[in-house]
Structures are given as C-alpha cells and as structure tokens.
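Student: I should like to learn how to read the features of a protein model. May we go through one together, feature by feature?

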Amino acid sequence: MQNSVVLKPNETQNFTIQTNWNKKRYFKMDDNEYYLNENDKFEIEILLYLDKSNRKNSLSPEEISKIISDENFLQGTFTSNKMEVNFKE
C-alpha cells in the first residue's frame with residue numbers, strides 16, 4: 001500500500017527503466033539458441049498490467065477491500081508506443 005500513487009486530473013508520472021546490453025549478439029537460454037542479426041529491425045514495447053486482485057496474498061483483508069471498492073484504482077493493461085532499438089555502433 002505504501003507504493004500506491006495518486007494522480008490529480010491531467011497529472012502525469014514519468015518512470016525510467018534502465019537497460020544494459022553486453023553487445024553480444026549470440027546467446028543461449030536452456031536448449032534454445034538466439035542470434036541477433038545486425039540487419040534486422042528490433043523494437044521495444046512496455047506493457048503495464050494493473051490488477052486489483054493480484055496482491056490478495058500479501059495484503060490484509062481491509063486493504064484488499066479498500067482497493068476493490070476504490071473506483072479510481074486503475075485496472076487494466078496499458079501498452080506503450082513501440083520504439084526502435086538501434087544496436088548499431
């Protein structure tokens with residue numbers, strides 16, 4: 001509940017997500033091998049999934065009741081614009 005953010009009408013909130021790339025084009029995950037071709041186009045898209053019921057195990061019944069009854073508590077899936085990732089030096 002301490003992480004709840006209340007926005008006023010027309011207020012925006014900015015977030016920064018820092019990513020790093022070790023510049024290796026080949027990687028293996030379990031039995032799958034991947035190679036990033038330098039001529040392919042890569043895009044990143046951020047998905048924000050907000051659900052009122054996904055924290056039932058970590059919140060008290062009073063907190064859950066407060067969240068569920070709050071009509072201003074956002075719920076849904078929000079998707080950012082796609083942005084091209086440029087791996088070229």
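Tutor: Let us begin with the aromatic rings, bearing in mind that this is a predicted model. In general, a pair of aromatic rings is described by the distance of the centres and the angle of the planes.

Student: How many aromatic pairs does the structure hold?

Tutor: The structure holds one aromatic pair. Phe27 and Tyr34 form this pair, with 5.0 Å from centre to centre and 20° between the planes.

Student: Why is the pair of Phe27 and Tyr34 called stacked?

Tutor: Planes under 30 degrees apart count as stacked. The planes of Phe27 and Tyr34 are 20° apart, so the pair is stacked.

Student: Are the two residues buried, exposed or partly exposed?

Tutor: The relative accessible area decides this: under 20% is buried, over 50% is exposed, and values in between are partly exposed. Phe27 has 35% and is partly exposed. Tyr34, at 36%, is also partly exposed.

Student: I should now like to turn to the backbone. What should one look for in the angle phi?

Tutor: Most residues other than glycine have a negative phi, and most peptide bonds are trans. A positive value in such a residue is therefore worth noting. In this structure, Asn10 has a positive phi near 65° and is not a glycine. Lys23 likewise is not a glycine, and its phi is positive at about 65°.

Student: Where are Asn10 and Lys23 placed relative to the strands?

Tutor: Asn10 lies in the segment before β1, a strand that covers residues 26-29. Lys23 is placed in the segment before β1 as well. Asn10 is exposed, with a relative accessible area of 82%.

Student: What is the order of helix and strands along the chain?

Tutor: One reads the elements in the order of the sequence. The chain has one helix and six strands, and they follow the pattern β-β-β-β-α-β-β. The radius of gyration is 19 Å, well over the 12 Å that the globule rule gives for 89 residues, so the chain is more spread out than a compact globule.

Student: What other values describe the chain as a whole?

Tutor: Along the principal axes, the C-alpha atoms fill a box of roughly 50 × 35 × 20 Å. Buried residues make up 8% of the 89 residues. The chain exposes about 8900 Å², and carbon and sulfur atoms supply 47% of that area. As for charge, there are 12 positive and 15 negative side chains, and the centres of the two sets lie 3 Å apart.

Student: How does one compare separation in sequence with separation in space?

Tutor: One sets the number of residues between two positions beside the distance of their C-alpha atoms. Thr79 and Ile46 are 33 residues apart in sequence, and their C-alpha atoms are 5.9 Å apart in space. By contrast, Asn10 and Glu38 are 28 residues apart along the chain, with 41 Å between their C-alpha atoms.

Student: Where is Thr79, and which residues does Thr79 touch?

Tutor: Thr79 is in strand β5, residues 76-79, and is partly exposed at 47% relative accessible area. Setting aside residues up to four places away in sequence, Thr79 touches Glu45, Ile46 and Leu47.

Student: Which residues is Lys82 in contact with, beyond the neighbours within four places in sequence?

Tutor: Lys82 is in contact with Glu43, Ile44 and Glu45. Lys82 sits in the loop between β5 and β6 and counts as exposed, at 53% relative accessibility. Lys82 and Lys52 are 30 residues apart in sequence and 26 Å apart in space, C-alpha to C-alpha.

Student: What is found in the segment after β6?

Tutor: Asn86 is found there, after β6 (83-85). Asn86 is exposed, with a relative accessible area of 56%. Between Asn86 and Glu43 there are 8.6 Å in space, C-alpha to C-alpha, and the two are 43 residues apart in sequence. For the chain as a whole, residues 24 or more positions apart account for 65% of the contacts with a separation of 6 or more.

Terms used: Residues numbered from 1 in each chain as written. Predicted model: local features only at pLDDT ≥ 70, side-chain atom pairs only at ≥ 80, totals over all residues. Heavy atoms only, no water. Helix = DSSP H or I, 4+ residues; strand = E, 2+ residues; numbered from the N terminus. Rg over C-alpha atoms; globule rule 2.2 N^0.38 Å. Buried < 20%, exposed > 50% of the residue type's maximum accessible area, 1.4 Å probe, protein only. Contact = heavy atoms within 4.5 Å. Areas by Shrake-Rupley, 256 points an atom, 1.4 Å probe, with all protein chains shown as cover. Lys, Arg positive; Asp, Glu negative; His and termini not counted. Charge placed at Lys NZ, Arg CZ, Asp CG, Glu CD. Phe/Tyr/Trp six-rings, centres within 6.5 Å; stacked < 30°, edge-to-face > 60°.
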